[in-house]
Amino acid sequence: MKQKDFDFTIRQHALWLSTGGKKGYRGHLRYLDFAGIDLTGINLTRAILTGINLSGSTFKGAELAGALLQGANLTHADLSLSTLTSADLNSADLTGANLTGAKLTNADLRLADVIETNLTN
């Protein structure tokens, strides 16, 4: 995915969120490689991120509530202070990820790999 396509998708997702789904569209970024990207503070609430590679990425303070992250590669990602309430992280790889201060209420971590993951609150 090119940068302009990514930016367009993020703008459409923001519009979808702000209009309650009446305009724009839900962000679909499935099975893409965004390793090492800085998305500090981004709002991807309810986005579809299944199988995405976000290893080494920064999501500090990001809004990921209700996001679908099944099978996502989040190894060594910085998700500190992010909101992952009701996010689906089933089978996600969180090895070495930083989740310090992250909100994980009702997050689905079944089969997620959390080896050496910092879950300090």
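Buried means under 20% relative accessible area, exposed means over 50%, and partly exposed is what lies in between, with a 1.4 Å probe and protein chains only. I keep that at the top of the page, with Phe-34 as my test case: at 11% relative accessible area, Phe-34 is buried.

**Ground rules.** This is a predicted model, so I note that local features need pLDDT of at least 70 and side-chain atom pairs count only at pLDDT 80 or more, while totals for chains, interfaces and linings use all residues. Residues are numbered from 1 along each chain as its sequence is written, and side-chain values use heavy atoms, with hydrogens and water left out.

**Overall build.** I looked up the secondary structure and got 1 helix and 0 strands for the protein chain. Helices here are DSSP runs of H or I with at least four residues, strands are runs of E with at least two, and both are numbered from the N terminus. I then checked the radius of gyration, which is taken over C-alpha atoms; the globule rule to hold against it is 2.2 Å times the number of residues to the power 0.38. The chain comes out at 13 Å, close to the 14 Å that the rule gives for 121 residues, so it is as compact as a globular protein of that length. Along the principal axes, the C-alpha atoms fill a box of roughly 40 × 30 × 20 Å. Buried residues make up 43% of the 121. For contacts (heavy atoms within 4.5 Å), I looked at sequence range: of those with a separation of 6 or more, 8% join residues 24 or more positions apart.

**Aromatic pairs.** How many aromatic pairs does the structure hold? I find 2. Rings of Phe, Tyr and Trp (its six-membered ring) pair if their centres lie within 6.5 Å; planes under 30 degrees apart are stacked, over 60 edge-to-face, and the rest tilted. Phe-6 and Phe-34 make a tilted pair, 5.0 Å centre to centre with 50° between the planes. Phe-6 sits in helix H1 (residues 3-18) and Phe-34 in the segment after H1, so this pair ties together parts 28 residues apart in sequence. Phe-6 is buried at 6% relative accessibility.

My other entry is Phe-8 with Tyr-25: the centres are 6.3 Å apart and the planes at 55°, so this pair is tilted. It links Phe-8 in helix H1 to Tyr-25 in the segment after H1, 17 residues along. Buried or exposed? Phe-8 is partly exposed at 37%, and Tyr-25 is partly exposed at 32%.

**Core.** In soluble globular proteins, nonpolar side chains tend to be buried together. I count a nonpolar core as a set of buried Ala, Val, Leu, Ile, Met, Phe, Trp, Tyr and Cys residues joined through side-chain atoms within 4.5 Å. The largest one has 31 residues, and those touching the most other members are Leu-44, Leu-49, Ile-52, Phe-59, Leu-64, Leu-69 and Leu-74. I followed Leu-74 outward: beyond four places in sequence, its contacts include Leu-54, Leu-79, Leu-89 and Leu-94, and also Ser-55 and Asp-93.

**Asp-78 and Ser-82.** Both went on my list from the segment after H1. Asp-78 is partly exposed at 21%. Its C-alpha is 4.8 Å from that of Asn-98, although the two are 20 residues apart in sequence. Leaving out residues up to four places away, Asp-78 touches Asn-98 along with Ser-57, Thr-58, Phe-59 and Lys-60. Its side chain also makes a polar contact with the side chain of Ser-80 at 2.6 Å. That term covers a pair of N or O atoms within 3.5 Å; within protein, one must be able to donate a hydrogen and the other to accept it, and residues adjacent in sequence count only if both atoms are side-chain atoms.

Ser-82 is buried at 0% relative accessibility. With neighbours within four places set aside, I have Ser-82 in contact with Phe-59, Gly-61, Ala-62, Gly-101, Ala-102 and Lys-103.

**Salt bridge.** My rule is a side-chain nitrogen of Lys or Arg within 4 Å of a carboxyl oxygen of Asp or Glu. The count is 1. Asp-108 pairs with Arg-110, with the closest N and O atoms 2.6 Å apart. Asp-108 is buried at 18%, whereas Arg-110 is exposed at 54%.

**Positive phi.** Arg-46 has phi near 65° and is not a glycine; it is partly exposed at 42%. Leu-111, also not a glycine, has a positive phi of about 60° and is exposed at 72%.
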